[in-house]
Amino acid sequence: PVGRKVVVPEAPKLSRRALAELVLQRPSSGTSTKALKADLALLKKHLGIPCPHFGKKGVVQLAAPSSEAGAPPKFNKYAGWVEWDNAIFLWVNATGGSFDNTFKLDGRQVNWYVGGTNPTDKSPIIKRLLALSDGAAPSAAAQVCLFVRSLATEPYIYCGNCGYLGHDAKKKGFEFTWRLRDFPKLTKAGAFQQLLQSQRPSKATAVRSKAAATAAARWAA
């Protein structure tokens, strides 16, 4: 509703070391995320709003357990995912990325690509994701969490927990299709609606596309 005040939860304070690594883009020096449990309860408070810290490292620092506040966890910043002991974070660019990540059914579904060099169903991350693909409720052992940004220059928005719908190993980058379990709550979030809007063609683009299609039909007649 117009005029509704959005309450942004306070982000955990970072140590000087963690802040320096974030701002100066230094390599993370803490424990690997694979050996840590992400603070999923804290992330729930940030559902549908931009993460207070920028980039992948900022999200990882936000989700890191309080015991790791002094040293940001290590992870592969070049991958399209981050593995934790209890979760897998998926990174998505709504526009301008290496793959065409598209929201469907008004934002209820999204496709995501593993990427990298020749990913197969034998790849460790794919094996772990497929092991969670029974369609049941989120496992206490691991949850798939989605983070999306409109552009690389904008912060990630936490889009909640994902449920597996399918995959296509033949697609370049190995495609997964996910269902957004928190969609009912996300529909009320302005930042999430802006993500969807960023993928909708502008009115001018739609007019040009219609004109081109009409011209092509006349030419073929």
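Here is a walk through the fold, a few individual residues, the cysteines and one pocket of this structure.

The model is a predicted one, so local features need pLDDT of at least 70 and side-chain atom pairs count only at pLDDT 80 or more, while totals for chains, interfaces and linings use all residues. Residues are numbered from 1 along each chain as its sequence is written, and side-chain values use heavy atoms, with hydrogens and water left out.

Let's start with the overall layout. The protein chain has seven helices and seven strands, where helices (H or I, at least four residues) and strands (E, at least two) are DSSP runs numbered from the N terminus. Going along the sequence, you meet them in the pattern α-α-α-β-β-β-β-α-β-β-β-α-α-α. The chain is 221 residues long, and 43% of them count as buried; here buried means under 20% relative accessible area, exposed over 50%, and partly exposed in between, with a 1.4 Å probe and protein chains only. About 12,700 Å² of the protein chain is exposed, and carbon and sulfur atoms supply 56% of that; these areas come from the Shrake-Rupley method with a 1.4 Å probe, and for residues only the protein chains shown count as cover. As for contacts (heavy atoms within 4.5 Å), take those in the protein chain with a separation of 6 or more: 66% of them join residues 24 or more positions apart.

Some of those links are easy to pick out on screen. Go to A38, in the loop between α1 (16-23) and α2 (40-44). A38 is buried, at a relative accessible area of 7%, and leaving aside residues up to four places away in sequence, A38 touches A63, W84, N86 and F89. Its C-alpha atom is separated by 9.5 Å from that of E83, although A38 and E83 are 45 residues apart along the chain. One of those partners, A63, belongs to the buried residues of helix α3. That helix spans residues 55-63 and is mostly covered, with nine of its nine residues buried. The buried set includes K56, K57 and Q61, along with V59, V60 and L62.

Now move on to V110 in strand β4. With 1% relative accessibility, V110 counts as buried. Again setting aside residues up to four places away in sequence, V110 touches T102, F103, L146, F176, T177, W178 and L180. The C-alpha atoms of V110 and R179 are separated by 6.7 Å, with their positions 69 residues apart along the chain.

The loop between β6 (157-168) and β7 (175-180) holds F174, and K171 sits in that β6–β7 loop too. K171 counts as partly exposed at 37% relative accessibility, whereas F174 is buried at 1%. The C-alpha atom of K171 is separated by 8.7 Å from that of Y113, and those two residues are 58 apart along the chain.

F174 also has a backbone worth a look. Most residues other than glycine have a negative phi. F174, though not a glycine, has a positive phi of about 60°. D106 is another non-glycine residue with a positive phi, near 60°, and its place is in the loop between β3 (103-104) and β4. At 58% relative accessibility, D106 counts as exposed.

What about the cysteines? A search of the whole structure finds zero disulfides, a disulfide being a pair of cysteine sulfur atoms within 2.5 Å. For C159, the nearest cysteine sulfur is that of C162, 8.0 Å away. For C162, the nearest is that of C145, 7.6 Å away. C159 is buried with a relative accessible area of 0%, and C162 counts as buried at 5%.

Finally, turn to the second largest pocket, which holds about 350 Å³ of space. A pocket, on a 1 Å grid over the protein atoms alone, is an open set of points where a 1.4 Å probe fits, with protein on both sides within 12 Å along at least five of seven lines, and lining residues have an atom within 4 Å of a point. Grid points are joined across faces, edges and corners, and the volume is the space filled by probe spheres set on the points. Which residues lie nearest the centre of this pocket? They are G80, W91, N93, S98 and F99, out of a lining of 18 residues. The elements that give two or more residues to this lining are β2 (87-93) and β4 (109-113), and β2 gives the most, with three residues. By type, the lining divides into nine nonpolar, seven polar and two charged residues; Ala, Val, Leu, Ile, Met, Phe, Trp, Tyr, Cys and Pro count as nonpolar, Asp, Glu, Lys and Arg as charged, and the others, Gly among them, as polar.
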